[in-house]
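Q: I'm new to this one and would like a close look at a single part of it. Could you walk me through the empty spaces inside and what surrounds them?

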Amino acid sequence: MSHFPHLAFSLIMILVLSFSDVMAQDWRFSAGYSVQKFGLEVTPNSDYYGEIGVTQKGLLEVELERYLLYRLYLSGTGSVLINNAESAFHGGPINFNRTALGLNLGVQWNKFGVYTGVHGSYTWNLKFKSYSEDDYDPNSYWIESNQQYDIFSGGFTFGAKYYLLNNFRIQAEIKTHSYSNHNFEPVSDSGFIPAVSEVDFRELTFTIGVSVSIPWYNRHRLEK
């Protein structure tokens with residue numbers, strides 16, 4: 001029993017030092033690039049002879065984390081769709097613009113972390129991939145939806161992060177969506193043949209990306 005106070009004191013000191021080490025990281029700012037796969041339910045146009053492809057887009061994302069308690073943090077996120085045209089890894093039968101904001105609560109260990117939260121987004125300028133009826137030009141044209149809606153959506157976020165290096169990480173997210181409008185059709189008198197005759201946004205998207213993450217500390221606390 002005489003060794004118990006020493007053991008208890010040692011355990012308390014270990015916990016305090018660990019707590020202080022994590023709490024020294026007060027903020028962390030991250031910026032990165034992600035590829036988001038959009039779940040779409042499409043009705044192919046029988047008159048279209050090209051490939052429809054998977055709809056996935058590039059996102060530029062920023063995040064500001066505030067550490068509150070041991071390993072616990074609150075973060076705000078923002079993203080904007082920056083790669084909306086056809087390329088080797090991005091594209092699909094529709095194009096659109098989108099911005100999003102989110103608020104997350106997470107737990108971070110040494111390298112691995114998990115988080116959940118809520119998000120909202122605004123989507124506009126929806127267009128359909130098509131080609132010309134006259135010359136069957138293989139180059140893509142983009143025609144508008146029959147009704148141009150301002151599309152608002154919101155839902156929940158579930159994600160995980162892994163730090164390959166102290167300032168470099170990869171992360172994956174699943175987001176649920178509830179859309180103000182989700183069913184769209186191309187204009188019928190455009191003079192072009194669209195890739196799909198109808199498209200529905202589904203309730204889930206999957207995102208994977210990389211980011212550079214920079215912590216900063218409370219200097220007064222470090223001096224202590």
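Q: How much space lies in the second largest cavity?

A: The second largest cavity holds about 80 Å³ of space; bear in mind that this is a predicted model. Its lining is made up of Q36, L59, E61, S79, L81, R98, A100, H119, S121, K175 and H177. By class, that lining splits into three nonpolar, five polar and three charged residues. Strands β2, β3, β4 and β5 (112-132) each put in at least two residues.

Now for the bigger picture. There are two cavities of 30 Å³ or more, and the largest has a volume of about 220 Å³. It has 24 lining residues, and the closest to its centre are E61, V62, T77, Q171 and E173. The elements giving two or more residues to this lining are β1 (25-44), β2 (56-69), β3 (72-83), β4 (94-108), β8 and β12. β1 provides the largest share, five residues. Here the classes come to six nonpolar, 13 polar and five charged residues.

Let's stay with β8 for a moment. This strand covers residues 168-176, and R169, Q171, E173 and K175 sit on its covered face. On the uncovered face you'll find F168, I170, A172, I174 and T176. As for neighbours, β8 pairs with β7 (residues 151-165) in the antiparallel sense over eight bridges, and a hairpin links the two through two residues. In that pairing, E173 of β8 has G159 opposite it. β8 also runs antiparallel to β12 (residues 196-217), joined by nine bridges; there, I170 has V210 as its bridge partner.

Key
Residues are numbered from 1 along each chain as its sequence is written. This is a predicted model: local features need pLDDT of at least 70, side-chain atom pairs count only at pLDDT 80 or more; totals for chains, interfaces and linings use all residues. Side-chain values use heavy atoms; hydrogens and water are left out. Buried means under 20% relative accessible area, exposed over 50%, partly exposed in between (1.4 Å probe, protein chains only). Helices (H or I, at least four residues) and strands (E, at least two) are DSSP runs, numbered from the N terminus. Two strands pair if DSSP finds at least two bridges between them. On a 1 Å grid over the protein atoms alone, a cavity is a set of points where a 1.4 Å probe fits but cannot get out, and a pocket is an open set with protein on both sides within 12 Å along at least five of seven lines; lining residues have an atom within 4 Å of a point. Grid points are joined across faces, edges and corners, and a volume is the space filled by probe spheres set on the points. Ala, Val, Leu, Ile, Met, Phe, Trp, Tyr, Cys and Pro count as nonpolar, Asp, Glu, Lys and Arg as charged, and the others, Gly among them, as polar.
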